[in-house]
Amino acid sequence: MIRNLIALSLIAALPGCAANETKPPAAKAGIATVDVRRTPASAKALDDIAAAYLKLSLEIGTHEPGYIDAYYGPPELQKAAEATARDKPALLAATRDLMAQVDLAARRISDPLAKRRATFLRAQLRAAETRLLMMQGTRFAFADEAERLFGVRPRLKPLASYDPALKQIETLVPGDGPLADRVEAYLDAFTIPKERLQKTFDAAVARCRGRSMAHIAMPEGESFRLEFVTGKSWSGYNYYQGGYHSLIQVNTDLPIRLSRALDLGCHEGYPGHHLLNMKLEEGLVKERGWAEFSVYPLYSPQSLIAEGSANYGIDLAFPESSKADTERDVLMPIAEIAVPSDDRYWQLLAAIKRASGARLTIAQQYLDGVIDRPTAVALTQKYMLVSPQRAEQSVSFTDQYRSYMINYGLGETMVRAYVERGKPGRDEMWRRMAKIVSEPTLPSDLLAR
């Protein structure tokens, strides 16, 4: 899954957001279960639809590189789908037929979790329909595209609403010249030397994993491999490979600052993408035999849950001052970065995050043709407080992934609202997080009832 270059989150408002041998893991958490040994006809119908959806997704993937973010089912199924892939019009017709089949099957389902499975399949198929239309030249307005692909309609704030955050940043980094240049110069002092990247990231990931393991059980033998790469529009990516293993790549095109270590360790690893994919494979694919979860189409509602839980997982694993404490006491010495004498560095990062929602508004204006690319780059520099090079990379991300970016900030806002609703204790917050990443969760499941 993709990790955004600039922002940890994009703040956007959403209506309705307050924003074992005998039992599978889900049953232990009090979640409704399905006895796969006595499968009713309606569940059999869903199994058949799921098998068709799996093949359909793999076929669509032959028409767009990157459409399939992860697949860890039988290799022969993928080879067969690729060898006999239908053209886009035929796939569009097949997608619409499967949606009708899901609607029919859903009327005969009474089990709550099976109903959610059907609803999940329907939402994923609508996203597939939308992406196939886009592949054939259809263009949607930014908000319409986001809603059809990811299951939620973003409400965007005007750029001027982020100006107060910029004024606060002015007080933290006073001086002459453009504010973005001053911020970049200040943050450059917290760049991890290339020769210290591996040790710093290893330490960061270990702490992300330890805090997550204390609350969410992980499959035996789970692991990941970390690589440093170049030539990407993103800063980090998790390639889940099945069998509870991931390849995590970190892009080193631009200097990597210390704040990225825990952020990427949590987002790409624990309790982010690696953990989510493991729990889905463990509980839904292996325990229940739900084949549709062995494939992950990138442009689907599944991505809002994945990116939102991964972004929120940073704060869940390192609440309040514990992130700053870990960076100050553990990571800065490893990275050989001088520890600051005050909290200005962390205050600045928090203020930058409060302005980060501007990127979503800039993307909407750019993709809808309200502004041109040079203007998008200039506005990105101003509101994201980055160098021209980082602004160019940010807009390149928008060029490549379009409305996908709503999944970071809006997804985080929705996951946070669900996990923290009613001000629960820490154990309950982690239990809710485990529920999100272990079930067929859609954005609508996160809304207050």
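Helix 15, spanning residues 358-367 of this predicted model, is mostly covered, with ten of its ten residues buried. The buried set runs from apolar side chains such as Ala358, Leu360, Ile362, Ala363 and Leu367 to Arg359, Thr361, Gln364, Gln365 and Tyr366. Packing against these buried residues are helix 6 (142-150), helix 14 (344-355), helix 16 (373-384), helix 17 (388-401) and helix 18 (406-420). Just after helix 15, Gly369 adopts a positive phi of about 80°.

The largest nonpolar core comprises 141 residues, and the members that touch the most others are Ile169, Val183, Leu348 and Ile406. Helix 5 (residues 112-135) supplies the largest share of this core, eleven residues. In soluble globular proteins, nonpolar side chains tend to be buried together.

Ile406 also has a contact with helix 15. Leaving aside neighbours within four places in sequence, Ile406 is in contact with Leu360, as well as with Phe142, Ala146, Phe150, Val152, Pro154, Leu304 and Gly411.

The cysteines may be considered next. How many disulfides does the count come to? The count is zero. The two cysteines below bear on this result.

| Cysteine | Closest cysteine sulfur | Sulfur distance | Relative accessible area |
|---|---|---|---|
| Cys208 | Cys266 | 3.0 Å | 0% |
| Cys266 | Cys208 | 3.0 Å | 0% |

Because a disulfide requires sulfur atoms within 2.5 Å, the 3.0 Å between the sulfur of Cys208 and that of Cys266 is too far for a bond. Cys208 is nevertheless buried, and Cys266 likewise counts as buried.

Key
Residues numbered from 1 in each chain as written. Predicted model: local features only at pLDDT ≥ 70, side-chain atom pairs only at ≥ 80, totals over all residues. Heavy atoms only, no water. Buried < 20%, exposed > 50% of the residue type's maximum accessible area, 1.4 Å probe, protein only. Helix = DSSP H or I, 4+ residues; strand = E, 2+ residues; numbered from the N terminus. Contact = heavy atoms within 4.5 Å. Core = buried A, V, L, I, M, F, W, Y, C linked by side-chain atoms within 4.5 Å.
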